[in-house]
Amino acid sequence: MCPGSFDPVTNGHLDIVGRAARLFDEVVVAVLINQSKAGLFSLDERLDMLAEVTKGYPNVRVEAFQGLLVDFCRANEIAVIVKGVRVASDFDYELQMSQMNIGLAGIETLFMPTNPQYSFLSSSLIKDVAKWGGDVSPHVPDVVADRLRDRFARD
Ligand code: PNS
């Protein structure tokens, strides 16, 4: 499983999903339904964009989840969480979550170093740049760049 908020999916996320798809028979991209934090894009929009950008991977499917990640893993017989690590500070936080998740349910987390060309990317940075009219097209799939342009053109 590759879990996250994906608000929106970036080329960095897609790189991790594609690499996971080469390592595992099946990959679930799991989108967190976060009722306490409204994102820029609705859940349906995030799922749509992810479905579009992963359609070239026959062994990848996209699903939404709420509650504990490990409960979703158990319900779907998923044994491994794959997380991209961009910088050392990512690792501190990810390590805590992985230790909690293995303690809660014995679910393993594998860390995948981010491709250096994406190590500075984050969804929040992309949204900030796009909001002020900056060009994010080198960093996100075309469908995401288009949706960001539409979204901020309307605001
Ligand atoms: O893209 P994000 O926002 O960094 O993803 C974080 C995510 C969704 C992986 C994390 O918040 C999560 O697993 N949330 C589900 C709730 C849960 O299981 N929390 C305990 C983690 S130890």
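Here is a short conversation about the terms used for this predicted model.

Me: What are the ground rules for this predicted model?
Reply: Local features need pLDDT of at least 70 and side-chain atom pairs count only at pLDDT 80 or more, while totals for chains, interfaces and linings use all residues. Residues are numbered from 1 along each chain as its sequence is written, and side-chain values use heavy atoms, with hydrogens and water left out.

Me: What makes a residue one of those around the ligand?
Reply: A residue is near a molecule if one of its heavy atoms lies within 4 Å of it. The residues around the ligand are G4, S5, L32, F65, G67, L68, L69, K83, M97, M100 and N101.

Me: Which of these residues has a polar side-chain atom 2.6 Å from an oxygen atom of the ligand?
Reply: That is S5. A polar contact is a pair of N or O atoms within 3.5 Å; within protein, one must be able to donate a hydrogen and the other to accept it, and residues adjacent in sequence count only if both atoms are side-chain atoms. L69 comes in with a backbone N or O atom, 2.9 Å from an oxygen atom of the ligand.

Me: How do the residues of the shell divide into nonpolar, polar and charged?
Reply: There are 6 nonpolar, 4 polar and 1 charged. Ala, Val, Leu, Ile, Met, Phe, Trp, Tyr, Cys and Pro count as nonpolar, Asp, Glu, Lys and Arg as charged, and the others, Gly among them, as polar.

Me: Why is R151 called buried?
Reply: Its relative accessible area is 12%, and buried means under 20% (exposed is over 50%, partly exposed in between; 1.4 Å probe, protein chains only), so R151 is buried. The side chain of R151 also makes a polar contact with the side chain of E45, at 2.6 Å.

Me: Why does D146 count as partly exposed?
Reply: D146 has 39% relative accessibility, which falls between the two cut-offs, so it counts as partly exposed.

Me: And E77, is that residue buried or exposed?
Reply: Exposed, because its relative accessibility is 76%. E77 also has a positive phi, near 55°, in a residue other than glycine.

Me: What makes a positive phi worth a remark?
Reply: Most residues other than glycine have a negative phi. F6 has a positive phi of about 50° although it is not a glycine, and with a relative accessible area of 4% F6 is buried.

Me: Which peptide bond is cis, with omega near 0°?
Reply: The one from D7 to P8. Most peptide bonds are trans.
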